[in-house]
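Thanks for coming. I have one structure today, and I will keep to how its parts are arranged.

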Amino acid sequence: MKRDPVGFLKTEYEELVAKAFDWKIRVVQGPSTPRLTVDGKKVIMFCSNNYLNLSNHPKLVEAAKKALDTHGAGSGSVRAIAGTMDLHIELEKRIARFKKREAALYYQTGFAANAGLIPQLVGEGDAILTDELNHGSIIDGVRLTKAKRYIYPHNDMAGLENTLKQVDKEGARRILIVTDAVFSMDGDIAKAKEICKLAEEYGAMTYFDDAHGEGVLGEGGRGIGSHFGIEDKIHVEMGTFSKALGVVGGLIAGSKDLINFAYNKSRTWLLSGSAPPATVASCIAAIDVLETEPHHVQKLWENTRYVRKELQSMGYDTGNSETPIIPVILGRSDLAKQFSDMLFEEGVFALPIVFPMVARDKARIRNIMNAGHTKDDLNEVLAAYEKIGKKLKAV
Ligand SMILES: Cc1ncc(COP(=O)(O)O)c(C=O)c1O
């Protein structure tokens with residue numbers, strides 16, 4: 001047989017296009033602000049994870065500029081060799097203080113934290129229990145372990161307990177429960193208190209991916225542990241600076257033992273270049289802002305409550321959303337895509353989420369709230385929803 005080494009690249013891409021599963025990339029021209037230009041059109045941003053609009057905060061921008069002058073453009077190495085600058089250490093101290101935990105570690109991205117740490121926490125003879133709706137970076141982290149994998153039904157505590165009983169009976173050495181804190185497609189929150197209670201009962205380790213809770217949930221945006229007052233029950237609080245904190249980079253917070261273990265074992269941390277100083281300085285500034293300017297988080301929640309209530313009163317199904325992620329569940333994929341295109345024409349940038357990211361009959365528009373939106377911005381978006389919904393008979 002004569003092999004075609006690269007033919008699959010084209011055929012698989014074309015298959016994606018034929019099924020409309022390919023990504024149509026829109027281009028943001030200029031900063032990612034609540035009102036911005038996308039593909040040459042002026043629109044209201046309704047799908048960015050920049051929840052608190054911190055990516056445009058002057059303190060973050062200034063900090064990056066200053067660090068360029070004082071520390072240069074790059075770190076020059078991986079953290080473990082020569083790429084740990086005083087800024088990285090300061091940031092980790094600030095994260096630990098902000099999260100009210102003993103210690104913290106900063107990774108290049110949240111994906112790198114999950115892919116690097118999860119496979120080190122469990123191995124041969126262990127069990128890893130993972131929510132069926134967990135993020136892809138957790139899924140990849142789980143795939144890298146030699147531990148036996150158990151997927152439990154979404155946020156289903158009876159399902160989790162049954163699995164815990166099973167792995168306990170099978171004699172698992174260690175047990176790790178890993179879950180998103182806020183689920184990114186539905187905007188619902190993990191039943192963290194119940195998960196931690198079950199974990200305690202079965203001697204399991206708990207790992208919460210708070211990518212969408214960091215800067216959003218809890219006192220001053222301190223995340224899921226603070227939201228439920230269970231910081232001491234969560235063994236690994238993982239988060240990201242790429243969403244509400246407006247920059248980029250992953251974090252874990254927990255005990256000193258966790259951090260010592262994590263930085264010595266996570267291959268993504270040990271074997272990949274460290275974040276540039278300007279990025280790290282902006283992350284420190286983001287924590288400063290959260291500690292001193294509580295109105296950003298308050299405004300985000302005000303906007304969230306308003307939009308969810310208004311969408312629901314128009315008759316839209318917002319599913320189980322409890323956070324600034326507000327899906328409008330429309331059902332068919334083609335309807336969601338058409339709806340999103342029409343929103344764009346009306347000046348609203350909100351993306352459709354379709355199968356395989358969600359079930360075939362649960363296609364939706366995923367709206368993400370932003371503290372930088374004014375009431376006028378929100379009313380404009382809501383008017384577009386009203387108009388398009390009627391036109392497409394979606395409500
Ligand atoms: C739940 C969740 N975990 C992890 C990540 C990855 O974070 P980062 O963007 O910092 O790589 C994301 C980002 O999409 C996410 O939504």
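I will take the sheets, then the helix packing, then the ligand site.

A word on the source before that: this is a predicted model.

Start with the seven-stranded sheet. The sheet is open, its strand order is 4-10-9-8-7-5-6, and the pairing is mixed. On the edges sit strand 4, residues 103-107, and strand 6, residues 148-152, each of which pairs on one side only. From one strand to the next the twist averages 20 degrees. Within this order, strand 7, residues 175-180, runs parallel to strand 8, residues 205-209, and five bridges connect them. If you want a place to look, find L176, which stands opposite M205 in strand 8.

There is another open sheet, with four strands in the order 1-2-3-12 and again mixed pairing. Strand 1 (28-29) and strand 12 (348-349) are the edges, each paired on one side only. Strand 1 is antiparallel to strand 2, residues 35-38, and two bridges join them. V28, for instance, has V38 in strand 2 as its bridge partner. Helix 14, residues 375-391, packs on this sheet and touches strand 2, strand 3 (41-45) and strand 12. The direction of helix 14 makes about 100 degrees with that of strand 3. As a general reminder, strands of a sheet pair through backbone hydrogen bonds, in either the parallel or the antiparallel sense.

Now the helices. Helix 3 lies across strand 4, strand 9 (236-240) and strand 10 (250-254), at about 130 degrees to strand 4. Helix 3, residues 86-99, also packs with helix 11, residues 277-292; the angle is about 25 degrees and the axes are 9 Å apart. Angles under 35 degrees count as roughly parallel, so helix 3 and helix 11 are roughly parallel to each other. Their crossing is left-handed. Helix 3 contributes L87, H88, E90, L91, R94, I95 and F98 to the contact, and helix 11 contributes residues including P277, V280, I284 and I287. By class, that contact has 11 nonpolar, one polar and three charged residues.

Helix 11 has a further contact, with helix 2, residues 58-71: the axes come within 7 Å and cross at roughly 145 degrees. This crossing is right-handed. On the helix 2 side the residues include L60, A63, A64 and A67, and on the helix 11 side they include P277, A281, I284 and A285. The count here is 12 nonpolar, two polar and three charged.

The last helix pair is helix 4 with helix 5, residues 136-143, whose axes come within 7 Å and cross at roughly 25 degrees. That angle makes helix 4 and helix 5 roughly parallel to each other as well, and their crossing is right-handed. G110, F111, N114, A115, I118 and P119 of helix 4 meet S137, I138, D140, G141 and V142 of helix 5. This contact comes out as six nonpolar, four polar and one charged.

That brings me to the ligand. Which element gives the most to the shell around the ligand? It is helix 4, residues 110-121, with three residues. The ligand has 14 residues around it, and those that come nearest are T109, G110, H135, A211 and T240. G110 is therefore worth a second look on screen, being listed here and also in the contact of helix 4 with helix 5. By class, the shell around the ligand has two nonpolar, 10 polar and two charged residues.

Definitions and conventions: Residues numbered from 1 in each chain as written. Predicted model: local features only at pLDDT ≥ 70, side-chain atom pairs only at ≥ 80, totals over all residues. Near = placed C-beta within 6 Å. Nonpolar A, V, L, I, M, F, W, Y, C, P; charged D, E, K, R; others polar. Axes fitted to C-alpha atoms, helices over the stretch in contact; angles between N-to-C directions. Parallel < 35°, antiparallel > 145°, perpendicular 65-115°, else oblique. Left-handed = near helix turned anticlockwise from the far one by under 90°. Contact = placed C-beta atoms within 7 Å. Pairing = 2+ DSSP bridges.
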